[in-house]
Amino acid sequence: MRTVLIRPATHEDLAHIRALEQQTDTAAHWAEREYDALFAAEAPARVALVAVEEKAEGGIEGFVIARCALDEWEIENLVVAGSKRRRGVGGELVRELLLLARQRSATSVLLEVRESNLAARRLYEKLGFSETGRRRNYYLDPLEDALLLRSSLRIL
Ligand SMILES: CC(C)(COP(=O)(O)OP(=O)(O)OC[C@H]1O[C@@H](n2cnc3c(N)ncnc32)[C@H](O)[C@@H]1OP(=O)(O)O)[C@@H](O)C(=O)NCCC(=O)NCCS
């Protein structure tokens, strides 16, 4: 049986994270220095998680990165490798992030998503996110609205 583990990203994962991001049109694209800054002491607080298959060496199946601003966290990027999609990996990454956010007393997790990105919208809906607004013409290439989604975290 395939076992996928979700764990905090390390410096060694950065090249894999970057490669996966670059292969993915709908991902948010960051410069190399922005990834390097993830682990810098003075960097804004972020959480980066990776999904790895237990027996695989080196590579990752997906990742999620969120900015943690006290009680409000924001998902900045979420990507699952094309060949590993629809196996629950994206859902596991976001569930783990929501769990961490609750544990660290956040009250909500937010994100922006392209209106046409139905895969991501369905995933977030399934995990309890709801639409709270829209940013007109927010994305370029192609020009498109962003939908704002939010998950309000219950106190456990
Ligand atoms: C969005 C993404 C992360 C989903 O990852 P995933 O591992 O395939 O998602 P899961 O297998 O956990 O799917 C969970 C649910 O999301 C929905 N979903 C996922 N992919 C879908 C698709 N292509 N079409 C419709 N619904 C989809 C389904 O409800 C699915 O549950 P189901 O398989 O039981 O029907 C992945 O498609 C991806 O990396 N896309 C490119 C990057 C991107 O757009 N990121 C989002 C930026 S906001």
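**Asn137 and other positive phi values**

I began with Asn137, which at 45% relative accessibility counts as partly exposed, and I noted that this residue lies in strand E6. I looked up its backbone next and found phi near 50 degrees, a positive value in a residue other than glycine. I keep in mind throughout that this is a predicted model.

I then turned to Leu70, which also is not a glycine and has a positive phi of about 50 degrees. I located Leu70 in the loop between E3 and E4, and I recorded it as exposed because its relative accessible area is 78%, where the cut-off for exposed is over 50%. I added Gly128 to this entry, since a positive phi of about 95 degrees is found there, just after H4.

**A cis peptide bond**

I checked the bond from Asp141 to Pro142 and found it cis, with omega near 0 degrees. I placed Pro142 in the loop between strand E6 (130-139) and E7.

**Helix H4**

I went through H4 residue by residue and listed Ala120, Arg121 and Tyr124 as buried. Looking down the axis of H4, I see these buried residues within an arc of 100 degrees, so they line one face of the helix. On the other side of H4, I noted Ala119 and Lys126 as exposed. I then asked myself what covers the buried residues of H4, and the cover I found includes E4, H3, E5, E6 and E7.

**Helix H1**

I did the same for helix H1, residues 14-22, where the buried residues are Leu14, Ile17, Leu20 and Glu21. Seen down the axis of H1, they fall within an arc of 130 degrees, and therefore they line one face of the helix. The elements that I found covering the buried residues of H1 include helix H2 (32-36), together with E2, E3 and E4.

**Asn77**

I looked up Asn77, whose place is in strand E4, and asked whether it is buried or exposed. I have it down as buried because its relative accessibility is 3%, against a limit of under 20%. I then searched for a polar partner and found that a polar atom of the Asn77 side chain lies 2.7 Å from the backbone oxygen of Ala28. Leaving aside neighbours within four places in sequence, I listed the residues in contact with Asn77 as Glu21, Ala27, Ala28, Tyr35, Phe63, Val64 and Ile65. Glu21 I had already met among the buried residues of H1.

**The nonpolar cores**

I next examined the largest nonpolar core, which has 27 residues, and noted that Trp73, Ile75, Leu97, Val109, Tyr124 and Phe129 touch the most other members. I traced where this core draws its residues from, and the elements that each supply at least two are strand E2 (46-53), strand E3 (62-69), strand E4 (72-80), helix H3 (89-103), strand E5 (108-114), helix H4 (118-126) and strand E7 (144-152). I marked H3 as the element that gives the most to this core, with seven residues.

I followed Leu97 further and, leaving aside its neighbours within four places in sequence, found it in contact with Val47, Leu49, Val64, Ala66, Trp73 and Ile75. Apart from this core I noted another one, of 16 residues, and I wrote down Ala27, Leu38, Val50 and Ile60 as being among them.

**The ligand**

I counted 21 residues around the ligand, and those that come nearest are Leu78, Val80, Gly90, Asn117 and Lys126. I asked which atoms of the protein lie 2.8 Å from an oxygen atom of the ligand, and I found a polar backbone atom of Val80 at that distance, as well as a polar backbone atom of Gly91. For Asn117 I noted instead a polar side-chain atom, which lies 2.7 Å from an oxygen atom of the ligand. I recorded that the ligand on its own has 920 Å² of accessible area, of which the protein covers 77%.

**Lys55**

I closed with Lys55, whose place is in the loop between E2 and E3, and which I list as exposed because its relative accessibility is 74%. I compared its position with that of Leu5 and found that the two are 50 residues apart in sequence and 10.0 Å apart in space, taken from C-alpha to C-alpha.

How values were computed
Residues numbered from 1 in each chain as written. Predicted model: local features only at pLDDT ≥ 70, side-chain atom pairs only at ≥ 80, totals over all residues. Heavy atoms only, no water. Core = buried A, V, L, I, M, F, W, Y, C linked by side-chain atoms within 4.5 Å. Buried < 20%, exposed > 50% of the residue type's maximum accessible area, 1.4 Å probe, protein only. Helix = DSSP H or I, 4+ residues; strand = E, 2+ residues; numbered from the N terminus. Contact = heavy atoms within 4.5 Å. Near = heavy atom within 4 Å. Polar contact = N/O pair within 3.5 Å; in protein donor to acceptor, adjacent residues only side chain to side chain. Areas by Shrake-Rupley, 256 points an atom, 1.4 Å probe, with all protein chains shown as cover. Arc of directions from axis to C-beta.
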